[in-house]
Amino acid sequence: MTIRAVCFDLDDTLLDHSAAERSAALVFQGVFRDQLPPCADFPLRWKTATAAAFDRYLAGEIPFQGQRRARIRALFADDAISDAECDARFATYLEGCRRDWRLFPDTLPALDALRGVPLAVVSNAPLAQQRDKLARFG
């Protein structure tokens, strides 16, 4: 049997997106602690808001930037937050997430073992963001 190509999902297969998301959510909570409604498990609240907004994006109800803004409005329980303010608050999360991007420990050994085999990365995340991750880790 000849392997023609191997496809990987980038987030949570090669790169530990969930850990970066959790860490960034905690940083976000710390920055906005006085403005956010009380919450015992903020990373879970972040993940729930993300899933709801991303489902709306995937269904074509809102654009990609709209799902980011929907998350912020849901987290702050405030539909009146301006788009510009949503974008600024979300940038706080993105900065923390980017800072905590990490490959899984077995990623590079697995890719090394596949040297010479055509590889592909698939994702439902924005191309620019995923290219940023790929470039960062070589």
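**View 1. Cysteines of the predicted model, in which the count of disulfides comes to 0.** The structure shown here is a predicted model, and the search for disulfides in it ends with a count of 0. C39 is in no disulfide, and the nearest cysteine sulfur, which belongs to C86, is 18 Å away. Since a disulfide requires two cysteine sulfur atoms within 2.5 Å, the 18 Å from C39 to the sulfur of C86 does not meet the rule. With a relative accessible area of 28%, C39 is partly exposed, whereas C7, at 53% relative accessibility, counts as exposed because the cut-off for that class is over 50%.

**View 2. The aromatic pair of W46 and F90.** A pair of aromatic rings is described by the distance of the centres and the angle of the planes. For W46 and F90 the centres are 6.0 Å apart and the planes make an angle of 25°, and the pair is classed as stacked. W46 lies in helix 2, which covers residues 42-58, while F90 lies in helix 4, which covers residues 83-99, so the pair ties together parts that are 44 residues apart in sequence. Both residues are buried because their relative accessible areas fall under the cut-off of 20%: W46 has a value of 0%, and F90 has a value of 3%.

**View 3. The aromatic cluster that includes W46 and F90.** One aromatic cluster is formed by F28, F32, F42, W46, F76, F90 and Y93, so the stacked pair of W46 and F90 shown in the view before belongs to this group as well. A search of the whole structure finds 12 aromatic pairs.

**View 4. The protein chain as the setting of the close-ups, with 6 helices and 2 strands.** Read from the N terminus on, the elements follow the order β-α-α-α-α-α-β-α, and the C-alpha trace spans about 55 × 30 × 25 Å along its principal axes. Of the 138 residues of the protein chain, 36% count as buried, and W46 and F90 are buried residues. Among contacts between residues at least 6 apart in sequence, 66% join residues that are at least 24 apart.

**View 5. Surface and charges of the protein chain.** The accessible surface comes to about 8200 Å², and 56% of this area belongs to carbon and sulfur atoms. The protein chain has 18 positive and 19 negative charges, and the mean positions of these two groups are 3 Å apart.

How values were computed
Residues are numbered from 1 along each chain as its sequence is written. This is a predicted model: local features need pLDDT of at least 70, side-chain atom pairs count only at pLDDT 80 or more; totals for chains, interfaces and linings use all residues. Side-chain values use heavy atoms; hydrogens and water are left out. Helices (H or I, at least four residues) and strands (E, at least two) are DSSP runs, numbered from the N terminus. Buried means under 20% relative accessible area, exposed over 50%, partly exposed in between (1.4 Å probe, protein chains only). Contact means heavy atoms within 4.5 Å. Accessible areas come from the Shrake-Rupley method with a 1.4 Å probe; for residues, only the protein chains shown count as cover. Lys and Arg count as positive and Asp and Glu as negative; His and the chain ends are not counted. The place of a charge is taken as NZ of Lys, CZ of Arg, CG of Asp or CD of Glu. Rings of Phe, Tyr and Trp (its six-membered ring) pair if their centres lie within 6.5 Å; planes under 30 degrees apart count as stacked, over 60 as edge-to-face and the rest as tilted.
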